Amino acid sequence: MAYRVGIVGGDGIGPEVIAEGLKVIDAAGVSLDTVDYDLGGARYLDDGTVLPDSVLAEWRDLDAIFLGAVGAPGVPPGVIERGLLLKMRFELDLYVNLRPFKLAATDDAPGHDFMVVRENTEGTYAGEGGFLRKNTPHEIATQGSVNTRMGAERAVRFAFDLAKTRNNHLTLVHKTNVLTFSGDLWERAFNEVQAADYADVETAYNHVDAACIYFVQDPQRYDVIVTDNLFGDILTDLGGAVSGGIGLASSANLNPARTGPSMFEPVHGSAPDIAGQQKANPIAAILSGAMMLDFLAEGDDHGGATADAAARVRAACDACVSMTGSTSEIGDAVSSKL
Ligand code: IPM
Ligand code: MN
């Protein structure tokens, strides 16, 4: 049976890269039953719609959501980010944002890949805070960080499980020397989960500022990283930048409990400056599509062919990664490898 997938091309280059992602999935032999949703900054500017509850209700019955990028000039900051993207992450309980990075071999270093598990439903993203005396000389703004033991622990457990499927090495990244409350909770969750259930996984800890140096100078030290929402947001842009550019960086917003659909999107944004010009690299979206196939396959008793398709898509992307061409030319090249 075809997987039921909601498509949100979104704004800017989003629809262009998603078209290539779908083209490649089709070429890999996986048939999807897609439903299009016209949502994003442009739709908001058009008629004020952000994410209707009726759409959210429909999504709960889907197998997955494939999203390009949302955000358009002229929309006030936060309207689409909070109202659509974060609402999707929170309401569908997409508590892991999984972001893989692959470094090509160079003259100085061998190839290497590593993954960041970003907690995706809490921290500063929870939106705690507010203003007092706004727009007066005595204005106060607070922006809190929400960290539940449950939230940290479930991200940490996912990361330990992932490490066990790879090289048995997990690094916690935080800022425990300054964030002595949330950092303490994260560190205890990490250490206690390891002691209880993952004694065989080797662990490390880095402060986030030091991790920025290691991302640039020594990424080989990492296999799996687990970190909070904001640190994960920032670190994964850096991860993209050091591994071939943000045009290659893919991500999966996962509900590992599978109580609803998970959502798959490139790390990059809508890039309105190059929208509609076929200039965007579709590889990030195509690899996000491969992550979608992987996750669908894992949840499917008959998912073998889908998992195989995901592996073939990744190999085809590897073969095309240094190619230049238009968005659709790159999508065609990847498809032709399949
Ligand atoms: C990302 C993006 C989002 C985030 C924005 C658009 C809200 O930067 O997916 O990394 O901060 O999570
Ligand atoms: Mn980001």
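User: Which helix contributes the largest share of the shell around ligand 1?

Analyst: In this predicted model, helix 4 (residues 79-91) contributes that share, with three residues. Helices are DSSP runs of H or I with at least four residues, and strands are E runs of at least two, numbered from the N terminus. Residues are numbered from 1 along each chain as its sequence is written, and local features need pLDDT of at least 70, side-chain atom pairs 80 or more. Side-chain values use heavy atoms, without hydrogens and water, and ligands are numbered from 1 in the order in which they are written.

User: What makes Glu81, Leu85, Arg89, Arg99, Arg118, Tyr125, Asp233 and Glu265 the residues that surround ligand 1?

Analyst: A residue is near a molecule if one of its heavy atoms lies within 4 Å of it. Those residues surround ligand 1.

User: How is the shell around ligand 1 divided into nonpolar, polar and charged residues?

Analyst: Asp, Glu, Lys and Arg count as charged, while Leu and Tyr are among the nonpolar types. The shell has two nonpolar, no polar and six charged residues.

User: Why is the approach of Tyr125 to ligand 1 called a polar contact?

Analyst: A polar contact is a pair of N or O atoms within 3.5 Å. An N or O atom in the Tyr125 side chain is 2.6 Å from a ligand 1 oxygen atom, so the pair qualifies. For Arg89 the distance is 2.7 Å, and for Arg99 it is 2.9 Å.

User: How do you know that the size of the protein chain agrees with a compact globule?

Analyst: The rule is 2.2 Å times the number of residues to the power 0.38, with the radius of gyration taken over C-alpha atoms. For 338 residues a compact globule would be near 20 Å, and the protein chain has 20 Å, so the two agree.

Definitions and conventions
Polar contact = N/O pair within 3.5 Å; in protein donor to acceptor, adjacent residues only side chain to side chain.
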